[in-house]
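Me: I have a model open here and would like to talk through a few of its features. Could you help me with that?
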Amino acid sequence: MAEEIILTKEGLEEKRKELRHLIDVIRPQVIDELVEARNQGDLSENADYDAARNKQAEIESRIKELESVISKAKVINTGGKKGEVKIGSQVEYQDLKTQKIHTVKIVGAIEADPFAGLISNESPLAKAMLGHKSEEVLEVREVNVPYKVKVVSVK
């Protein structure tokens, strides 16, 4: 069986929206660009045609990638024990060294965007938090310098 890709319900919906947009909006635009560039004459030295062909290849590649992700997607079950950190949880935690409080949402690896506060379930921080509850202190390992955090809240 093909490898499953873990996604939140929202993440799967985003992938589906992106795929629909590429197929219904972007692909036809690129085809129009190709037709327009082709009408300019000699294709051997036509930069517009080459750019449109490259754009078309990128779009088709992304469409195939999204179709693959969607076909392998496994929507995570956000049920389970209330208050326990799981994939899909929004976790507020305190770094015990700096005393700073941070908020992250634990998502599947393909949805991860640390700059947006979305961390992969495969990251050392998420691995350390999974299965824990509010007020628990835990150590983040699998990093160069292990550190401790306190789970403040789980939503």
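Me: Which residues of H1 are buried?
Reply: In this predicted model, the buried residues of H1 (buried meaning under 20% relative accessible area with a 1.4 Å probe, protein chains only) are Gly11, Leu12, Lys15, Leu19, Leu22, Ile26, Val30, Leu34 and Ala37. Local features need pLDDT of at least 70 and side-chain atom pairs pLDDT 80 or more, while totals for chains, interfaces and linings use all residues. Residues are numbered from 1 along each chain as its sequence is written, and side-chain values use heavy atoms, without hydrogens or water.

Me: And what do the buried residues of H1 pack against?
Reply: They pack against strand E1 (5-7), helix H2 (47-72) and strand E2 (73-75), where contact means heavy atoms within 4.5 Å; helices (H or I, at least four residues) and strands (E, at least two) are DSSP runs, numbered from the N terminus.

Me: How do H1 and H2 run relative to each other?
Reply: Their axes, which are lines fitted to C-alpha atoms over the stretch in contact, with angles from 0 to 180 degrees between N-to-C directions, come within 9 Å and cross at roughly 160°. H1 and H2 are therefore roughly antiparallel, a label for angles over 145 degrees.

Me: Different topic: where does Gln99 lie, and what is its phi?
Reply: Gln99 lies in the loop between strand E3 (90-95) and strand E4 (101-107), and has a positive phi of about 70° although it is not a glycine.

Me: What about Glu135?
Reply: Glu135 is in the loop between helix H3 (124-129) and strand E6 (137-140), and its phi is near 75°, a positive value in a residue other than glycine.

How values were computed: Buried < 20%, exposed > 50% of the residue type's maximum accessible area, 1.4 Å probe, protein only. Parallel < 35°, antiparallel > 145°, perpendicular 65-115°, else oblique.
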